Amino acid sequence: MNENDVLDVAVIGAGPAGLTAGLYAARAGLSVAIYERISPGGQLAQTERVENYPGFAEGADGFELAWAMKEQAEHFGAIIVNEEVTAVDFSGEVKTITTPFGQHKARSVIVATGARPRKMGLAGEERLAGRGVSYCATCDGNFFRGKSVCVLGGGNTAA
């Protein structure tokens, strides 16, 4: 892909939503680039065990699942670009995506930048993430069935 190419679709973010969008667009025969600053998978790649993803009765390693999603998107023709998107010009028919290494053009841009959990700032929190410290009751609640827990937060994020 060179600077003069105009992609059909640029996807910003290579978490599950971005990889899925890139996969579907590539399968439809469109030229697709998926931009991710670090590595594919987003929060999924940092999740030790995923038990609520369809098709994996015994659960799956988050990093391995994310890597499989990346490989599937690439198999159908999506290009993974390991560059952070620093700006997007959405004006005009052709959009301009800017990274530290240059500019890229696309007719459509899908923004799938995901979410980040709000950290508590406790000592050992990073080390214990996924090993007792969780950020998603829906995702991780089953791991703690029958155990005493402490819930921090408010609203539906703490429920």
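Q: Which residue in β6 is the bridge partner of Lys95?
A: A bridge ties a residue on one strand to a residue on another. In this predicted model, Lys95 has Ala106 of β6 as its bridge partner. That pair belongs to a ladder of five bridges between β5 (residues 95–99) and β6, and the two strands run antiparallel. Further along, Thr98 stands opposite Gln103 in β6.

Q: How many residues lie in the hairpin that joins β5 to β6?
A: Here the hairpin passes from β5 to β6 through two residues.

Q: Which strand joins β5 through three bridges, and in what sense do they run?
A: Strand β4 (residues 87–89) does, and the pair is antiparallel. Ala87 stands opposite Thr98 of β5. You already met Thr98 facing Gln103 of β6. The hairpin of β4 and β5 has five residues between the strands, and Gly92 in it takes a positive phi near 85°.

Q: Is β5 largely enclosed or open?
A: To read this, count the residues with under 20% relative accessible area. Four of the five residues of β5 are buried, so the rest of the structure largely encloses this strand.

Q: What sense does the pairing of β1 and β6 have?
A: Strand β1 (residues 6–12) and strand β6 (residues 102–111) pair in the parallel sense, over six bridges. Ala10 stands opposite Val109 in β6. β1 is also joined to β2 by four bridges, and these two run parallel. In that ladder, Val11 has Ile34 of β2 as its bridge partner.

Q: Which residues of β2 are buried on each side?
A: Val32 and Ile34 are buried on one side, Ala33 and Tyr35 on the other, and both faces of β2 are covered.

Q: How does the span of α1 agree with 1.5 Å a residue?
A: The idea is to compare the distance between the end C-alpha atoms with the expected span. The 12 residues of α1 should span 16 Å, and its end C-alpha atoms are 16 Å apart, which agrees. For α2 (residues 62–75), the 14 residues reach 20 Å from the first C-alpha to the last, close to the 20 Å expected.

Q: Which residues of α2 are buried, and where do they fall around its axis?
A: Look down the helix axis and note where the buried side chains point. The buried residues of α2 are Gly62, Leu65, Ala66, Met69, Lys70 and Ala73. They fall within an arc of 140°, so they line one face of the helix. The face turned away from that buried side carries the exposed residues Glu64 and His75. Among the elements covering the buried residues are α1 (16–27), β2 (32–35) and β3 (79–81).

Q: What caps the N-terminal end of α2, and what follows α2?
A: Asp61 is the cap: one of its side-chain oxygens lies 3.0 Å from the backbone nitrogen of Phe63. After α2 comes Gly77, whose phi is positive, near 110°. Gly29, just after α1, likewise has a positive phi, of about 90°.

Q: What do the buried residues of α1 pack against?
A: They pack against β1, β2, α2, β3 and β6. The buried residues of α1 are Gly18, Leu19, Ala21, Gly22, Leu23, Ala25 and Ala26.

Q: Why look for a nonpolar core at all?
A: In soluble globular proteins, nonpolar side chains tend to be buried together. The largest nonpolar core in this model has 18 residues, and those with the most contacts inside it are Leu19, Val32, Ile34, Leu44 and Ala78. β1, α1, β2 and α2 are the elements that give two or more residues to this core. A second, separate core of 10 residues includes Leu7, Ile12, Tyr35 and Val81. Leu19 touches residues including Ile34, Ala66, Met69 and Ile80.

Q: Is Gly114 buried or exposed?
A: Over 50% relative accessible area counts as exposed, and Gly114, with 68%, is therefore exposed. Gly114 sits in the loop between β6 and α3 (125–128). Its C-alpha atom is separated by 18 Å from that of Ala129, 15 residues apart along the chain.

Q: What pattern does the protein chain follow along the sequence?
A: The order is β-α-β-α-β-β-β-β-α-α, with four helices and six strands. Of the 159 residues, 32% count as buried. The C-alpha trace spans about 60 × 35 × 25 Å along its principal axes.

Technical notes:
Residues are numbered from 1 along each chain as its sequence is written. This is a predicted model: local features need pLDDT of at least 70, side-chain atom pairs count only at pLDDT 80 or more; totals for chains, interfaces and linings use all residues. Side-chain values use heavy atoms; hydrogens and water are left out. The expected span of a helix is 1.5 Å times one less than its number of residues. Buried means under 20% relative accessible area, exposed over 50%, partly exposed in between (1.4 Å probe, protein chains only). The arc is that of the directions from the helix axis to the C-beta atoms. Contact means heavy atoms within 4.5 Å. A polar contact is a pair of N or O atoms within 3.5 Å; within protein, one must be able to donate a hydrogen and the other to accept it, and residues adjacent in sequence count only if both atoms are side-chain atoms. A nonpolar core is a set of buried Ala, Val, Leu, Ile, Met, Phe, Trp, Tyr and Cys residues joined through side-chain atoms within 4.5 Å. Lists of a residue's contacts leave out its neighbours within four places in sequence.
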